[in-house]
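Reader: I am a first-year student and would be grateful for a close look at a single part of this structure. Could you please guide me through one sheet and then place it beside the other parts that can be described?

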Amino acid sequence: MSTQFKVMNPATGELVKKVNYNTKEEIKQALENGHCAFKKWSKLNAHTRSKLLKGWSQIIQENKEEIAEVMTIENGKPLKESLGEVTYATSYIDWYAEEAIRIYGRTIPASTETKRIVVTKQPIGLVAAITPWNFPAAMMTRKAAPALAAGCAFIVKPAEETPLTTMKLIELAHEVGIPKDAIQCVNGKGPEVGALFTDSEYVRKITFTGSTPVGKSLIRNSADTVKHVTMELGGHAPLIVAEDADLDFAVTQTILSKFRNAGQTCVCANRVIVHESIVGVFSEKLTEAVNRLKVGNGMDEETDIGPIIHEKGFLKIVSQVKDAIEKGAEVLLGNKYNADKEQGYFFVHPTVLKNVDTTMNIMQEETFGPIVPITTFKELDEAVDIANSTPYGLAAYFFTNDYKVGTYLHDHLDFGIIGWNDGAPSGAHVPFGGMKESGLGREGGSEGIEPYLETKYLSIGHYDQ
Ligand code: ADP
């Protein structure tokens, strides 16, 4: 069995670095070390933990350019997006450095004069995280920061495609004095490390961002030891454009939502549902704007759309577009590819499809690529039905200036994140997470630290009264 894996540059197919797999024994040892570190880290006072987190955020910012370059080289996203992600990643550390000192308990009036009741919040224990390749910095810090702030120890397995950014961030955490075993990184194959994490008696919580099938298996495997779980899984975001919407604004926001990371995010608009009376103008404006996006190597300053991460992702996109065309979709732009299997790069030019309907795979499955499928609605109920007709429930967007339309859509869309005239609603200060098969729990905001805390209730009897 290979003891190393290759990190490849998805824009060129070149080898970036060989990284060692950790052995089973090393990972088991790391889990034990994490458990021991938890005992000390959880006893540190919250102000010290908060200061260490602030130091971590600062040193990441000081190394921002270097980290962003590593990210673009291993992930492919444009350098400007990588720089943005580093700041996004530190915003979680900053937020939870502040939350660390605001973990409050409460007292409850007792039902007799002879008792006092106190409720405290305590860190849950060792937290094991598994993260994806699409946001190698931010998906890790939004788990690590609340875990460390709460007093938990943390261990992460990054995606094999993009371990370098994560490894660098963990190295910097150690450099500012966060104990080596309080935050650790291990490398290995997903199923193998996943099993070591879920089987471990030391791990009290699994936090995962990735695909729904893997999330389901982690939930199942966590049952035997009744671990807590937070799951950020797939999405299939609808974006509804109502009859009265400001179309220029809706176009700009659709592009913002759709094309980040070449469409490879779980909150990317995946199904554009436009009122039939405006679909012609909207499609025209959108196509014109999308046509200006530049495809290329993320290291090139001009690039808006980088490569697709790997062949598997590329083939899924191509097959969805093909299926849609075969079933009657009209190509307004794109359906162009620059791919070389031998060299190992896969670029998809931004594509706009009209006359899409719900029989097409692109309306049923997550795409993870720069494709905009446009379908239409007449009555608002119809738009809601199309939007909700998926097992996913992560993000939904709509554009309208009509208060009644907006509140109706907000109330009826089964999604955890709603952008009303907003194509980019994420942030460290807000609760990010999905309904239905898009996940369990929330990350970010004041909600994001709760999953790392246990509630302990103490009843004190006064037998001498
Ligand atoms: P994607 O298809 O986008 O790569 P995955 O859910 O497969 O999404 O991957 C997200 C993360 O989950 C990666 O770190 C990957 O290594 C890990 N992973 C993949 N399969 C498993 C598994 N069976 N158990 C635990 N982790 C897994």
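Author: What follows is an account of one sheet, with shorter notes on other strands and on the ligand.

The model is a predicted one. The part chosen for the close look is an open sheet of seven strands. Read across the sheet, the strands come in the order E12-E15-E16-E11-E10-E18-E19, and their pairing is mixed. Strand E12, residues 330–333, and strand E19, residues 417–420, stand at the edges. Each of these two has a single partner strand, so one side of each is left without a neighbour in the sheet. From one strand to the next, the twist averages 25 degrees.

Within this order, the pair formed by E10 and E11 can be followed in detail. Strand E10 covers residues 237–241 and strand E11 covers residues 269–275. The two run parallel and are joined by five bridges. One position may serve as a landmark: Ala-237 has Ala-269 in E11 as its bridge partner.

A helix also belongs to this picture. Helix H10, made of residues 279–290, lies across E10, E11, E12, strand E15 and strand E16. In the sequence, E15 spans 351–354 and E16 spans 371–377. Relative to E16, helix H10 runs at about 170 degrees.

Other strands may be set beside this sheet. Strand E3, residues 106–108, pairs with strand E4, residues 115–123, in the antiparallel sense over three bridges. A hairpin of six residues joins E3 to E4, and Arg-106 stands opposite Val-119 in E4. Strand E4 is also joined to strand E22, residues 453–461, by nine bridges, and these two strands run antiparallel. Here Pro-123 stands opposite Leu-453 in E22.

There remains the ligand, which is surrounded by 14 residues. The closest are Thr-131, Trp-133, Lys-157, Gly-190 and Ser-211. Two side chains among them can be described by distance. A polar side-chain atom of Lys-157 lies 2.9 Å from an oxygen atom of the ligand, and a polar side-chain atom of Trp-133 lies 3.1 Å from an oxygen atom of the ligand. In the case of Gly-190, a backbone N or O atom lies 3.4 Å from a nitrogen atom of the ligand. On its own, the ligand has 550 Å² of accessible area, of which the protein covers 79%.

Technical notes:
Residues are numbered from 1 along each chain as its sequence is written. This is a predicted model: local features need pLDDT of at least 70, side-chain atom pairs count only at pLDDT 80 or more; totals for chains, interfaces and linings use all residues. Side-chain values use heavy atoms; hydrogens and water are left out. Two strands pair if DSSP finds at least two bridges between them. Helices (H or I, at least four residues) and strands (E, at least two) are DSSP runs, numbered from the N terminus. Axes are lines fitted to C-alpha atoms, for helices over the stretch in contact, and angles run from 0 to 180 degrees between N-to-C directions. Contact means heavy atoms within 4.5 Å. A residue is near a molecule or strand if one of its heavy atoms lies within 4 Å of it. A polar contact is a pair of N or O atoms within 3.5 Å; within protein, one must be able to donate a hydrogen and the other to accept it, and residues adjacent in sequence count only if both atoms are side-chain atoms. Accessible areas come from the Shrake-Rupley method with a 1.4 Å probe; for residues, only the protein chains shown count as cover.
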